[in-house]
Amino acid sequence: MWVLRGSAGAGGTRAALALLLATALGPGPARPHPQCLDFKPPFRPPQGLAFCRRYADFGCCDLRRDRALLQRFYRLSARLDGPSYAACAGYLQDLLCQECSPYAAHLYDAEDPSTPVRTIPGLCQDYCLEVWQKCRSIFRYLSADQELIALENNMAKFCRYLSLEDADYCFPHLLSNQNLNQNLGLVTANAEGCLQLCLMEVANGLRNPVAMVHANDGTHRFFIAEQIGLVWTYLSDRSRLQKPFLNISEAVLTSPWEGDERGFLGIVFHPKFKFNGKVYVYYSVEVHYEERIRISEFRISPADMNTLDHSSERIILEIEEPASNHNGGELLFGDDGYLYIFTGDGGMAGDPFGTFGNAQNKSALLGKVLRIDVNNNDHGPLYHIPPDNPFVSDPTARPEVYAYGVRNMWRCSFDRGDPQTKEGKGRLFCGDVGQNKYEEVDIVEKGKNYGWRAREGFSCYDKKLCANSSLDDVLPIYAYPHKMGKSVTGGYVYRGCESPNLNGLYIFGDFMSGRLMSLKEDRATGEWQYSEICMGVGQTCMFPGLINNYYQYIISFAEDEAGELYFMSTGVPSATAPNGVVYKVVDTSRRAPPGKCQVEALPVKVKSKIIRFVPKETFVMKTPTPRPRLRATTEAPREGRRDPYHPRMPAVDRVGQAPPPPGNWSKTPTTPPSSGRTPKPRKGGKRGGKRRKKKPPGTAPALQNGSVRLMEQRGRGRNRGRVELYINGEWGTVCDDGWSSAAAAVVCRQLGFPYVVRASKKAEFGEGTSLRILLDDVQCSGQEKTLLECAHADIGTHNCSHEEDAGVVCSRQEVTDW
């Protein structure tokens, strides 16, 4: 592996490219790829070219550069007499216009640092001989290369000097090379039809980055949220501010467990943020031992435009969560100015709440898309109901409900619409995580039913509900089986400027399998065509600053203020593991014309220390690796026919083991975990897992005996608090008889902390008077996995009171003096 870095000069860039080529390909000629002399992809000129018309549809020159070449042509041709001009003007034009060729970098040998950049493009032998015989005098006007001029009278040496090793790709033969030109300017697909894209690293060292948003205020800042409850400010140059934009990590309920779905899950800026300074967040919280999802409003700090006023929090809405999974987490503002909230069905398997489940119950807020009006809420109610919400007049429905029949929509987005025609603008795309067979993508519309729990994808889940003719549910635009992935991560329709070929492509992924996927609408039929996305092999991504690999667990997608597309992934799906990276999606087959996508970011007043971005990911030279073709369903299977895409999997709502990384699409972490391997997700790691908090009648608890948590008196503790223990379906406390640092160390390790600072006694963090005392006389060596492995009195047997509840202070860093 070699790190691909940008440099201050072209020499450094060429050296990096050459080192990659030499290492990966070894001796011998290298197959060129479209690249301009500025080391960027070619483009389609916005206006026709007057001089280099051969490259008017696709190449490396815009109208300004074309005019400059024309002026140079006039200056050089003025040195020719009449007959010479008639014989040589065409050759002179050909040679000058190779700067506009899509393969300009190859023709001028700009990719090879062992030789200077050519002043004359690489010529095929027969063409060179023809020009030499008729017009060799033009070369002294075109080039100041004294070595070339010295060879002017020796035809063989002269043309050998101007030749390229790979004769098939010299000028003008490359114009007729079908392998090079048949798909020129299109997104490159490999032999299996997988669209090859590349990536740019944008941020790293993040702990489960769940969201990236912008303020839409002209500053082109972006804000990245970590699952533990911190949000960071990044400037347009990718540098980060040391002071967090928001830090509510003490209030956020999550854990170090791999795959824990609770935590800080969503953030969105008010459309009028520039004027009202309001930001909305979505996070998990525990209130009186009850898990809830909370939607809160914050205001920007009057003293610092890059931090929120933490004292300004107003709780807009709270919803009880009966289990620890299926927490939803998306917040969006629509073009209508209303706030859209996406909740999960409440967790566990099969939406077992009530007769038909939460998702089909319009009187419940779980399993829904909600729409509320938070405008003008400074006085009176914190939110209003939009008058056109679909169920405002239904006394059996909550008026907040916009759509229902949702299982656990993880990441949704509004389509910005085509940049020119605005076609598609306002469509709401969502990825809805499936149960144990299918994942699906939906377009959400007002008042519609999206089928859960009657239907999973196109397949019936609850056969009685599915057969109900009054269900009137909307089928997904696409669904795929668990052979392809087990937890969809919804994405965006690309509407950016820099990669024109991607316009209209809905790009999304799968958290468990690490697949990147795309859908493209066939406007004639209304059907959505599926294409896989993979990382470019060979030289496809060999451009300065680009990489072609990523971490497997795709957590979320994002747009920046200009509409460019990003995604976030990690190698260790834990809220405390700093393995998260943010990637920008790049198409190297075609770029926008120079200058078209430039943005002028408004100035940002910075009061915090600026941490400059240092890329850490590596470019990996790969050769194509065939992978099995997997079909997915885009239409409902017919009655009476076996579904050919039905995966044979156990009928449980959990994930036991992550599938291996899919070929050349998953990255190898540059810093492996200390164990020497990438940890596998715990059961429940999928956003459709089975772990739950409470024990409904007839359902076995997912929490394991011996699980622990820390509870501070104010309920805000994270690394310190009263020890509470889970045994046989209930939470209880631990008495401090025999409590020691060794016992406290067992608790800290269970919670993901390597060090114990103090074993606290006598209810320092509050008495657990509402719970039973479950353990007493606990004596540990410190190496046990749980407190139940330590010596202790019988469960529930004790001789102490809650005034002696045990506590602990844990740390991620060694503390020698407390």
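Modeller: Let us start with a definition: two strands count as paired if DSSP finds at least two bridges between them. Please keep in mind that this is a predicted model.

Biologist: Thanks! Which residue in β10 does Glu297 stand opposite?

Modeller: Glu297 stands opposite Arg314. These residues belong to two paired strands, β9 (residues 290-301) and β10, which run antiparallel and share nine bridges.

Biologist: What is the order of strands in the sheet?

Modeller: The order is β7-β8-β9-β10, an open sheet of four strands with antiparallel pairing. At its edges are β7 (264-269) and β10 (304-320), each of which pairs on one side only. From one strand to the next, the twist averages 25 degrees.

Biologist: Now to side chains. How many salt bridges does a search of the whole structure find?

Modeller: The search finds 38. To read one, look for a side-chain nitrogen of Lys or Arg within 4 Å of a carboxyl oxygen of Asp or Glu. Arg314 and Glu297 qualify, with an N to O distance of 2.9 Å. This pair links strand β10, which holds Arg314, to strand β9, which holds Glu297, across 17 residues.

Biologist: Which residue does Glu297 meet in a salt bridge at 3.8 Å?

Modeller: That residue is Lys278, with 3.8 Å from N to O. Lys278 sits in strand β8 (residues 278-287) and Glu297 in strand β9, so the salt bridge ties together parts 19 residues apart in sequence. There is a wider picture too: Lys278, Glu297, Arg299, Arg314 and Asp378 are linked in a network of salt bridges.

Biologist: Is Glu297 buried or exposed?

Modeller: A residue counts as buried under 20% relative accessible area and as exposed over 50%. Glu297 has 1%, so Glu297 is buried. Lys278 is buried as well, whereas Arg314, at 23%, is partly exposed.

Biologist: Could you show me another salt bridge? Which residue pairs with Asp335?

Modeller: Asp335 pairs with Lys425, and their closest N and O atoms are 3.5 Å apart. Here the two residues lie in loops: Asp335 between β11 (330-333) and β12 (339-342), Lys425 between β15 (409-414) and β16 (428-432), with 90 residues separating them in the chain. Asp335 is exposed at 61% relative accessibility, while Lys425 is partly exposed at 46%.

Biologist: And the cysteines? How many disulfides does the count come to?

Modeller: The count comes to 14. In general, a disulfide is a covalent bond between the sulfur atoms of two cysteines. One of them joins Cys36 to Cys60, with 2.0 Å from S to S. Both cysteines lie in the loop between α1 (10-25) and α2 (63-77), so this disulfide ties together parts 24 residues apart in sequence. Cys36 is buried at 2% relative accessible area, and Cys60 is buried at 13%.

Biologist: Is the disulfide of Cys36 and Cys60 left-handed or right-handed?

Modeller: Look at the torsion about the S-S bond: it is about -85 degrees, so the disulfide of Cys36 and Cys60 is left-handed. For Cys88 and Cys135 the torsion is about -95 degrees, so that disulfide is left-handed.

Biologist: Where do Cys88 and Cys135 lie?

Modeller: Cys88 is in helix α3 (residues 82-96) and Cys135 in helix α5 (residues 125-135), 47 residues apart. Both are buried. Another disulfide joins Cys735 and Cys800, whose sulfur atoms are 1.8 Å apart. Cys735 lies in the loop between β31 (730-734) and α12 (741-750), and Cys800 in the loop between β33 (772-775) and β34 (807-811), 65 residues apart.

Conventions. Residues are numbered from 1 along each chain as its sequence is written. This is a predicted model: local features need pLDDT of at least 70, side-chain atom pairs count only at pLDDT 80 or more; totals for chains, interfaces and linings use all residues. Side-chain values use heavy atoms; hydrogens and water are left out. Axes are lines fitted to C-alpha atoms, for helices over the stretch in contact, and angles run from 0 to 180 degrees between N-to-C directions. A disulfide is a pair of cysteine sulfur atoms within 2.5 Å. Buried means under 20% relative accessible area, exposed over 50%, partly exposed in between (1.4 Å probe, protein chains only).
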